[in-house]
Amino acid sequence: MKQSTKLVGLAALLGIAITPAAAQDKIKIGVLVTTSGPAAALGQQVRDGFALAIKDLGGKMAGRDVEIVNADDELKPDAAVVKVRGLLERDKVDFVVGPIFSNILLAIHRPVTDSKTFLISPNAGPSSYAGKECNPFFYVTSYQNDQVHEILGKVAQDRGYKRVYLLVPNYQAGRDSVAGFKLDYKGEITEESYTPLNTLDFQPELSKIAAQKPDALFTFMPGGMGVNLVKQYKQAGATVPVLSAFTVDESTLPAQQDAAVGMFGGANWAPNLDNPQSKKFVAAYEAAYNGVPGTYAMQAYDAALLIDSAVKAVKGDLSNKDAVAAALKKADFTSLRGNFKFNNNGYPIQDFYLTKVAKRPDGKFQTEIVEKVFSNYGDRYAKDCAAK
């Protein structure tokens, strides 16, 4: 404190203006994601993607050093609230990045935004905050949850699948996934199965699918749930086409491997997307972490670029919250996915694709773009959000 006072006094003596940013220490960013249990791989991709972006930025934003404070939400809402309060009150972070799961976001959204701290979600995008409850302190670099599932509903409709079985976990994102799928799909739903979050045994559901013989299975099973479902699906000898979201992706493929090849997914990006910034990112990520990045890592990388764009716009001075919010909303950065801008609710307008799991010549597995399904697509809840 004495040293700071001396510096300010010396600056005054020399006629040098001290800006608020210059008088502050590091920019502190809390990253709160799931890094334990069956879903740990998802959170690790977010941590790695975000850390890679900070490294590529030289560890600085607008000349200020950046410090990342990592926390594990344990996929438990109560634990997440305790962890995020620690980030806000003890660590005094300027931004919170996270989480992966929507039930965790529902728990931490109010503590973070009520403290007038900016919450940037690199994955969870529940409908809850896309409409009337949109918030100027909340931004999403992924999607509104329904949208990825809308891809599969449209594909099922376009391919003439008359009967589809739905299998999802019983929490907010699972319910959003069903709502999204049903938007464009007008055929028969043979059954909607809602399993407890973190279910790892799917034999009862697979038996029903075998008995009902639907034209396709739509499923949303992230993390360890997806790993087990795909393995059990193949072991059961099932041949029903699988349309999935977050069930076969770069976080689960290292464990699923050949069992997942040929399964379809929906996404806003894939590692084979053909643009310079995406190719550079994929190469750097694989070199750094010896694994293929998925959308979790890509969206986290973009979250860091988004924050950097806002910090630069306000010249490192984060004291004016309205100015920071306006800078975030502009999204003045080059997204790894190409087309990206914010809707009035802080959720992106972007392109969406049908993807398919492939085995690369080097033996690694990745999702690859089959076709573009939606272009510059914004979510259907934004109309209910008063402009931020």
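How much area does the chain expose, and what share of it do carbon and sulfur atoms supply? The chain exposes about 15,700 Å², and 51% of that area is supplied by carbon and sulfur atoms. I should state at the outset that this is a predicted model.

Let me turn to the overall fold. The chain contains 13 helices and 14 strands. Its radius of gyration is 22 Å, close to the 21 Å given by the globule rule for 388 residues, so the chain is as compact as a globular protein of that length. Along the principal axes, the C-alpha atoms fill a box of roughly 85 × 45 × 35 Å.

Next, the interior and the contacts. Of the 388 residues in the chain, 57% are buried. Among contacts with a separation of 6 or more, 72% are accounted for by residues 24 or more positions apart. As for charge, the chain carries 44 positive and 41 negative charges, and the mean positions of these two groups lie 3 Å apart.

I would now like to consider one residue, A245. This residue is placed in strand 10, which covers residues 242-245. Is A245 buried or exposed? Its relative accessibility is 0%, and buried means under 20%, so A245 counts as buried.

Which residues does A245 touch, leaving aside those up to four places away in sequence? They are V148, H149 and L152, together with T219, F220 and M221. A further residue to locate on the structure is T367, which is 122 residues from A245 along the chain. The C-alpha atoms of A245 and T367 are separated by 11 Å.

Methods: Residues numbered from 1 in each chain as written. Predicted model: local features only at pLDDT ≥ 70, side-chain atom pairs only at ≥ 80, totals over all residues. Heavy atoms only, no water. Helix = DSSP H or I, 4+ residues; strand = E, 2+ residues; numbered from the N terminus. Rg over C-alpha atoms; globule rule 2.2 N^0.38 Å. Buried < 20%, exposed > 50% of the residue type's maximum accessible area, 1.4 Å probe, protein only. Contact = heavy atoms within 4.5 Å. Areas by Shrake-Rupley, 256 points an atom, 1.4 Å probe, with all protein chains shown as cover. Lys, Arg positive; Asp, Glu negative; His and termini not counted. Charge placed at Lys NZ, Arg CZ, Asp CG, Glu CD.
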